[in-house]
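Here is a colleague's note on one protein chain. Please keep the structure open while you read, and find each residue as it comes up.

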Amino acid sequence: MAVLITDIYDSQAVAVRRTQDPSNAMGFVGKAFFPNRKKLGLSLKWIKTHKGLNAILKPSNFDAIPMIRVREGFKQESTQMVFFRESMTVREEDLIRLMEIEDANSPFIGDIISSIYNDAARLIDGAEIAAEVMRMALLAPKDGKPSIAIGTGKPESDNMVYGYDYDSDGTYKQKHYLKIEGTDTWDHPDTAKPLKDVQQGTKYLKSIGVLPRYAMMNSTTFDYLVENEQIKNALITSSGKTVDFTDEATVKEIFTRKTGLTPIIYDKMYIDYKGETQKFYPDDKVTIIGAGTLGSTYYGVTPEERTLMSNKNVDVAMLDNRIAIATKTEQGPPIKTTTSVSQIVLPSYEGIDSTFVIDVK
C-alpha cells in the first residue's frame, strides 16, 4: 500500500518537528525584552508613560482640603500590526519519490523527509526572523529615532513596506541618544573613552529613575573595547603592571566593574529581502537597557487561524499560539502540496524610556 504525503506531512507534524529541532536551541535575544503576547484583531494600542522619579508629597494644614496632584501625562500609541505570509510547494517529483518509503530499507527516506520538512522550517524561521528584526530596529535605531521599516518593496513580490515611528516628537533622540564623533569614536583605541561614554548614558537613565542593567552590542563593537587604552589602563590600575594584550573575559569583567552593566554580545545573523547577510544587532552601536521588560511582541489572529480551522480541505496548526502553519494538498493535475506560514506581529515599546543608545563610530 502506497504512503500518502498527507499521512506523514501535516501542519501538526511540522510544528512538532520544528519545536524539537536542536538547531533552534540558540534563541532570539529580543524575546527576553519583548515577550510574546496574543491579541485579537489587527490594531495595536499601548500606553506610554514616564516611569521616572516621583515627586515629594506636599504638606498640608490640619482640617484643610487636600490639594489635588496632577497626574503625569500619558500617550496612547495606536497602529496596525504587520501581516506576513509566504508559501512553499512540494512538487510532483517529490510525491513520486515518497513512494520509496514503502521500502523500509531505502537509504533515501531520511533525505527525502528532511528536504520536505526543511521547506516548512525555513518559512517558520522567516517568521521568527521578521519579529526579531523589528525588535532590534527599536533597540538599535539607525539615526537615534526608534522606528520600524519592513517589507520587500519589490514589484515582483507584494511590494509592501510597513513603516512605524516610535519617536514621533523626537524626545527619545534628544534625551536617550548619544553620537560619538571625531577622535572620540571607539575605533580610535588611543583617544576613545568608552567607559566615559557609557557612563553618560547610565547617569541619564539613573536620573530619571531607571536602573541600568545591560549593554547590548555585537562582537565588532566589543572588539573596540578589547583594543582600547582606557580599558587597558583600568587593568594597570588594578594589577600594577603594563598590559599589552587583553582577552574578552577580562574586558567583560573590567567593563562590568566600571559601568555596572552586563554586556550582551549578540551576533546572530539572517538573510534580508535582497538576499544579503545582515546582523540583527548592527555594528558600532551600544544599547544600555534597564531592568525588566521593555514591551511585548504582540501576535494577532491570522486569516488561517480564524477561518481555515473549520475548512476540512486545509490543515492548520499553530506554533506556540503565534505562527499559523497551513498545509493543503490539491489532487490536480498537477498534484501539489502547499505549506503556508503566516503571522500578524508588531512589538510595543512601553519601556522606551528605559533604554539609551550610543553610536560609537
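The numbered points below go from the whole chain down to single side chains.

1. **The model.** Start with its status: this is a predicted model. Side-chain atom pairs count only where pLDDT is 80 or more. Keep that in mind for the pairs below.

2. **The overall picture.** The chain has 361 residues, and 42% of them count as buried. It holds 11 helices and 17 strands. Its accessible surface comes to about 19,900 Å². Carbon and sulfur atoms make up 53% of that surface.

3. **Contacts along the chain.** Take the contacts between residues at least 6 apart in sequence. Of these, 74% join residues at least 24 apart. Several pairs below show such links in detail.

4. **Aromatic pairs, F28 and F280.** A pair of aromatic rings is described by two things: the distance of the centres and the angle of the planes. The structure holds 7 aromatic pairs. One of them joins F28 and F280, with centres 5.7 Å apart and planes at 85°. Why is this pair called edge-to-face? The angle is 85°, and an angle over 60 degrees counts as edge-to-face. F28 sits in the loop between α2 (11–20) and α3 (30–33). F280 sits in the loop between β11 (277–279) and β12 (285–290). The two are 252 residues apart, so find both loops before you look at the rings. F28 and F280 are both buried.

5. **Around F28.** Ring pairs link F28, Y266, Y270 and F280 into a cluster. F28 also has a charged neighbour. K268 lies over the face of F28, at 4.8 Å from the ring centre.

6. **Aromatic pairs, F33 and Y214.** Which way do these two rings meet? F33 and Y214 are edge-to-face as well, at 5.8 Å centre to centre and 75° between the planes. F33 belongs to helix α3, while Y214 belongs to strand β8 (residues 212–217), so this pair ties together parts 181 residues apart in sequence. The two partners are covered to unlike degrees: F33 is buried at 6% relative accessible area, whereas Y214 is partly exposed at 25%.

7. **A second charge over a ring.** Look next at Y299. The charged end of R322 sits over the ring of Y299, 5.1 Å from its centre. R322 returns in point 10.

8. **Salt bridges, E132 and R135.** Side chains of opposite charge can pair when their charged atoms come close. The structure holds 11 salt bridges. One of them joins E132 and R135, at 2.7 Å from N to O. Both residues lie in helix α5 (residues 109–139). They are 3 residues apart, about one turn of the helix. Buried or exposed? E132 is buried, at 0% relative accessibility. R135 is buried too, with a relative accessible area of 0%.

9. **Salt bridges, K145 and its partners.** Which residue forms a salt bridge with D165? The partner is K145, at 3.9 Å from N to O. K145 is in the loop between α5 and β5 (147–151), and D165 is in strand β6, 20 residues apart. K145 is partly exposed at 22%, and D165 is partly exposed at 42%. K145 also forms a salt bridge with D167, where the closest N and O atoms are 3.7 Å apart. D167 lies in the loop between β6 and α6 (171–175), 22 residues from K145. D167 counts as buried, at 3% relative accessibility.

10. **A salt-bridge network.** K31, E128, D320 and R322 are joined into one network by salt bridges that share partners. R322 is the residue whose charged end sits over the ring of Y299.

11. **V161, an exposed strand residue.** V161 is in strand β6 (residues 161–165). Why does V161 count as exposed? Its relative accessibility is 52%, and exposed means over 50%. The C-alpha atoms of V161 and I150 are 5.5 Å apart. Along the chain, these two residues are 11 residues apart.

12. **T297, a buried strand residue.** T297 is in strand β13 (residues 297–299). At 1% relative accessibility, T297 counts as buried. Which residues does T297 touch, leaving aside those up to four places away in sequence? They are F34, P35, N36, R37, A131, R135, V345, L346 and P347. Among them is R135, the salt-bridge partner of E132.

Notes
Residues numbered from 1 in each chain as written. Predicted model: local features only at pLDDT ≥ 70, side-chain atom pairs only at ≥ 80, totals over all residues. Heavy atoms only, no water. Phe/Tyr/Trp six-rings, centres within 6.5 Å; stacked < 30°, edge-to-face > 60°. Helix = DSSP H or I, 4+ residues; strand = E, 2+ residues; numbered from the N terminus. Buried < 20%, exposed > 50% of the residue type's maximum accessible area, 1.4 Å probe, protein only. Lys NZ or Arg CZ within 6 Å of the ring centre and 35° of its normal. Contact = heavy atoms within 4.5 Å. Areas by Shrake-Rupley, 256 points an atom, 1.4 Å probe, with all protein chains shown as cover. Salt bridge = Lys/Arg side-chain N within 4 Å of Asp/Glu carboxyl O.
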